[in-house]
Amino acid sequence: MHSQRHPLAVAIGVLLCVSAANHAQAQEATAQSTAEQAKTMDTVTVTGSHIKRAQISGVGPVTVVDAETIERSGATTIETLLQRLPASAGFAGNQTNAYWANNGYGTTQVNLRGLGINRTLVLLNGRRIVNGGTGANASVDLNVIPVAMIDRIEVLKDGASAIYGADAVAGVVNIITKKEFDGAQLNARYGETFGGDGADYAFDLSWGTSSDRGSLMGSVSYSESQAVNMASRAPCGLGEVDGRLECVGSSATIGGRARLADGTTVNFNQDPNGDGDFYEPYSSIHNYNGNPSLNAVNPIKRLSFSAFGDMVLAEDLNLFTELMFTNRRSNQLATPGAIGQYRPINIAADHPTNPTGQNLVLQRKRLEEAGPREFYQETDTFRAVLGLEGRFGMGWEWNAAINWGRNTGDDGSTNVANLDRVDQTLNTALCSNAPGAAIPCADYLGYGDVSPEVLDYILFTTRDTGGNEQRSFTANLSGQLFEMPAGWVGFATGVEARKDRGWRDPDQLTQMGIANSNAQQRIDGEYTAKEAFVEFAVPLLQGMALADSLTFNAAARYSDYDLFGNDVNYKVGLDWQVVPSFKLRGIYSTAFRVPNVPELFGGVSEGNLTTADPCSGWSSQPASSTVYQNCQAYGVPVGYTQLGNTILTTTGGNVDLEPEDAETFTVGAVWTPAFAKGLTLTLDYYDIKIDNAIRSVAGSTKLSLCYNTPDLAHPFCGSEHFTRNPVTGEVDFLSAQPVNTASERVSGIDLGMLYELQMAGWDTIINFDLSYLDRYDFVPYPGGEEIDYAGKITGGQGSYTQWRAFASLTMARDAWSGSYSLQYIGSADDINAAPGDIGDHAPSVTYHNVQLKYAVSDAFDVSLGIDNLWDKDPPFIQSYTDANTDTMTYDLLGRRWYARIGYRW
């Protein structure tokens, strides 16, 4: 692992010169109550530090979303809340983009700064959570945490590997659950769109008791959302034809598209009542509209049980425990499968089903006769924490805990074709048209010609299994070391030992390449980490002119991984309270992300991939050319010519991967002007640079870069990327496995305002949070073209619009309260569209949400809300994912309402 490029002393010097500040701003209005509570406590621990402090704003740019805010939002899932934050960007899974989830269908995540779901660390009560999904997953599945149990969510928008270890590159999301509760509470919620679909409902029951000997709290939660068919939101897939939008569809047709021996492409009968032997030249009019066989919103069910308790063992010694279980069941509707994609189907001219009189290759035939496929997932996630905490001396506190998490899952798809059996149904020596034949003969040329007997024979349901497991031990100590003239020196230290494992076993037919799908290999791997950290908060000045207080913060963390070796990450910062109403703060830190199990241990396989060898015919090129000189220097024989257009290429995981490295810098200010009591303004600048980012690079790209770089100086010229036969010169090893080649740079500004005031007798809170993305530059490999994502919307990776904002107005008086919120998504250019094309630009979109609550009594309240009040449609973009828009960014449901009741006793 590499040594840090900027010495600690240099970073400290920069900070002392620049001075900076960031804020702890509540994303929603009532989150300010958390900060107010902090002011009345002696000390409080907040996300971003292990040292207890008197000020919640002393740790970095933290957004807090509290329980009241969550309730007012009407959200039944955590990702709904987090993906509305202006700091969120890019892709993160939810039920409107489940087809594109790269962490497993049905999973949900958060993506801070758009840097990727695996660069945002998710914690539960300050401790790690096992990754979730259906096996060998790369990030936490937010579905496992019931919303009803959340007390608040703290979002640290800063690198924090020195505090928490790996993966805290873009920031940390710390979900903090409710702990002490006396009595019981029942909540019920129901909602649907104004069109009468998309119903979702949730029920949760919580109960608890507490005394001077301890507390116990339990909860049961159930939530369910129902499907919304994609055709109800987008009747068909659109494309630009002759300057206007038309339905374009898929070229995998229901009649079957084939290439004849004379080069003609034809399409067979698509009328169920037509001539089964009819065929005609293929054109786009034959294309298939898949939207009726897809969902705009996919159904999901969650059932959760949780329990939290603590018990006083002695005056300064407590035992605590956290237990949680979540079952998730989700599915996605999918278009009927198409044969001919994963294995060629050759039908001879004299085959009894071939009416063309020529040999043909059936390129695509969609099995519409079988109906849509259904992807399904069921996961179980367990988590148990058992620990001790205590106090000793003057303000010293300690805790130690073991943390175990395990996630297991089954998933698969219905109506998948067995390609061996498809071949058998075309082999007249094996199949028969006799009733009850063991192998029925099939006619795949024309819609409606595939019999039920054939479908029963060739179709099956795949079943994959997998899981993730995490075991860890943590021990922490914090307190005050000694007193300086400006105050006490805060101190924290701790150790952590952790083992992460992931595994996935695809269906046997999928592994063998027999299933009509991408071949997959088994994944199974684990790694262990041993870490230790130390943190200081050193008061430098106190009660002086232009220095009401000045505190120097520093932290360092040593990490030792069995697969990657050791590394040290650090953080230094200044917290400068210039005057009571104005604060500056700056933080410089290093961070890292370790490769996840799929990247490391993904099933390695070989396949002949289309690849051009630059050294083919090199000796006939000018002797002065770089390719000539490099191929000659490499020892490629004179006269060498590539045989064919493919090269055997290795794909899958790469156990030689190393961690990604990052540097983060944040600087800003917090202003609470005396002339406006209750007003807080924040301004923050952030800059994140990532090196050694993990990417998969095509083999042809590696060869081209190597031989076009003078003196074979490109990193891709190494033997870990490709080798040649020393006699023939042929490439005998070529890797397209992931490598540490990319670099990324992200910077921008966050602006926040929180204003508490009285307005006409109403308690009023105005909240405004804005994020501006100044740059997002991505270089996929050394020598590669720099890609600018800022202000762009992508096909499959989400939106990187430069402007995002969220604002809310909350008012309360006596039994009545309500809120009005706006989510703003700025305009963006389609990164894949040519200027002037229809859909080359997505306009800005603002979603309006309103909620009203009435407390019938202290024990009973009723809430009503409407999301997307003005029924804003998603914009059309050319490189859409589904429903003619970017499903990672825009709302597909439209205007919808919900009602909620709560009862306490």
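So, which backbone nitrogen does a side-chain oxygen of Asn418 reach at the start of α6? That of Asp420, to within 3.0 Å. I'd call that a polar contact, meaning a pair of N or O atoms within 3.5 Å, where within protein one must be able to donate a hydrogen and the other to accept it, and residues adjacent in sequence count only if both atoms are side-chain atoms.

Quick housekeeping. This is a predicted model, so to speak of local features we need pLDDT of at least 70, side-chain atom pairs count only at pLDDT 80 or more, and totals for chains, interfaces and linings use all residues. Numbering runs from 1 along each chain as its sequence is written, and side-chain values use heavy atoms, with hydrogens and water left out.

Back to α6, residues 419-426 (helices are DSSP runs of H or I, at least four residues; strands are E, at least two; both numbered from the N terminus). Leu419, Val422, Thr425 and Leu426 are buried there, that is, under 20% relative accessible area with a 1.4 Å probe, protein chains only. They span an arc of only 110 degrees around the axis, which puts them on the same side of α6; the arc is taken from the directions from the axis to the C-beta atoms. Their cover includes β19, β20, β24 and α7.

Now the strands. β22 pairs antiparallel with β18 over 18 bridges, and Arg329 sits opposite Glu378. Pairing here takes at least two DSSP bridges. β22 also runs antiparallel to β23, again joined by 18 bridges, and Phe382 has Arg406 as its bridge partner. In the β22-β23 hairpin turn, Gly393 has a positive phi of about 60 degrees.

Conventions: Buried < 20%, exposed > 50% of the residue type's maximum accessible area, 1.4 Å probe, protein only. Contact = heavy atoms within 4.5 Å.
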